[in-house]
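Visitor: I am new to this structure and would like to know how its labels are earned. Please show it to me.

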Amino acid sequence: MDNGDEGLDPITPLVFLSFLQHQSGRNEELTSELDALARQLKLTTDINCNGVDGDAEEDGELQTDGHLCYNPRDHVRDLQPAWPADEDVLRNVAAGLIEIADQLENRMVAQAAENLINKLQGSPLQHWQTHLSAEVDRMLKAGLDPWLEQLPHERVVLVLTMTLVKRACEHMPRLLQGLFSSALQCMATLTAR
């Protein structure tokens, strides 16, 4: 699976998945889609830099190409001090993002999710990232609560993107696979600004 996550930490897709799984049990179709996505991510995502086959160097060690292996601890240090990155840690990081998302104005998020769903239904998959980015940008420009503006830009973008995807997928679970990859690309683009 191409996560399209250039510029994002390797742990981000797993945190995003955990965020989406939070309280998804109410919708059987969405739960099924999330389970399929989890299986794909666990086969293709290596949060410990060990490679899919497990032959790569340990994290933090020099690779044969002269680069240091990426250390995912750097991404979540301010969100969750405990490590290693097991499922409990991922759930805790996602829970912190969920707390932020819960405090977003529901009306604004609901309208953005409805706009996104309408755009996605009539658009090819290759345009989904553009539509998602446009809705996140629109929400950022509409103004956020003052306490949200105090948070790092990257965290606000992550929460807005994850919240929109979750809301859209709650209404149309079949969008999950394509929207997940588009969301990772969107987050990478918007957080790089």
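The questions below deal with salt bridges, burial and the packing of two helices.

Guide: The model is predicted, so local features need pLDDT of at least 70 and side-chain atom pairs count only at pLDDT 80 or more, while totals for chains, interfaces and linings use all residues. Residues are numbered from 1 along each chain as its sequence is written, and side-chain values use heavy atoms, with hydrogens and water left out.

Visitor: What makes arginine 91 and aspartate 88 a salt bridge?

Guide: The term requires a side-chain nitrogen of Lys or Arg within 4 Å of a carboxyl oxygen of Asp or Glu. For arginine 91 and aspartate 88 the closest N and O atoms are 2.7 Å apart, so the pair meets the rule. The rule gives three salt bridges.

Visitor: Where do arginine 91 and aspartate 88 lie?

Guide: Both are in helix α4 (residues 87–102), three residues apart, about one turn of the helix. Helices here are DSSP runs (H or I, at least four residues), numbered from the N terminus.

Visitor: Why is glutamate 135 called buried, and lysine 119 partly exposed?

Guide: Buried means under 20% relative accessible area, exposed over 50%, and partly exposed in between (1.4 Å probe, protein chains only). Glutamate 135 has 2% relative accessibility, so it counts as buried. Lysine 119, at 34%, is therefore partly exposed.

Visitor: How do you know that Lys119, Glu135 and Arg138 are linked in a network?

Guide: Lysine 119 and glutamate 135 form a salt bridge at 2.9 Å, N to O. This pair links distant parts of the chain, with lysine 119 in helix α5 (residues 106–121) and glutamate 135 in helix α6 (residues 128–142), 16 residues apart. Arginine 138 and glutamate 135 form a salt bridge at 3.1 Å. Salt bridges thus join Lys119, Glu135 and Arg138 in a network.

Visitor: Why are α1 and α8 called oblique?

Guide: Angles under 35 degrees count as roughly parallel, over 145 as roughly antiparallel, 65 to 115 as roughly perpendicular, and the rest as oblique. Helix α1 (residues 12–21) and helix α8 (residues 153–171) pack at about 50°, with axes 10 Å apart. The two helices are therefore oblique to each other. Axes are lines fitted to C-alpha atoms over the stretch in contact, and angles run from 0 to 180 degrees between N-to-C directions.

Visitor: Which residues of α1 and α8 make the contact?

Guide: Contact means heavy atoms within 4.5 Å. Those involved include Val15 and Phe16 of α1, and Leu158 and Met162 of α8.
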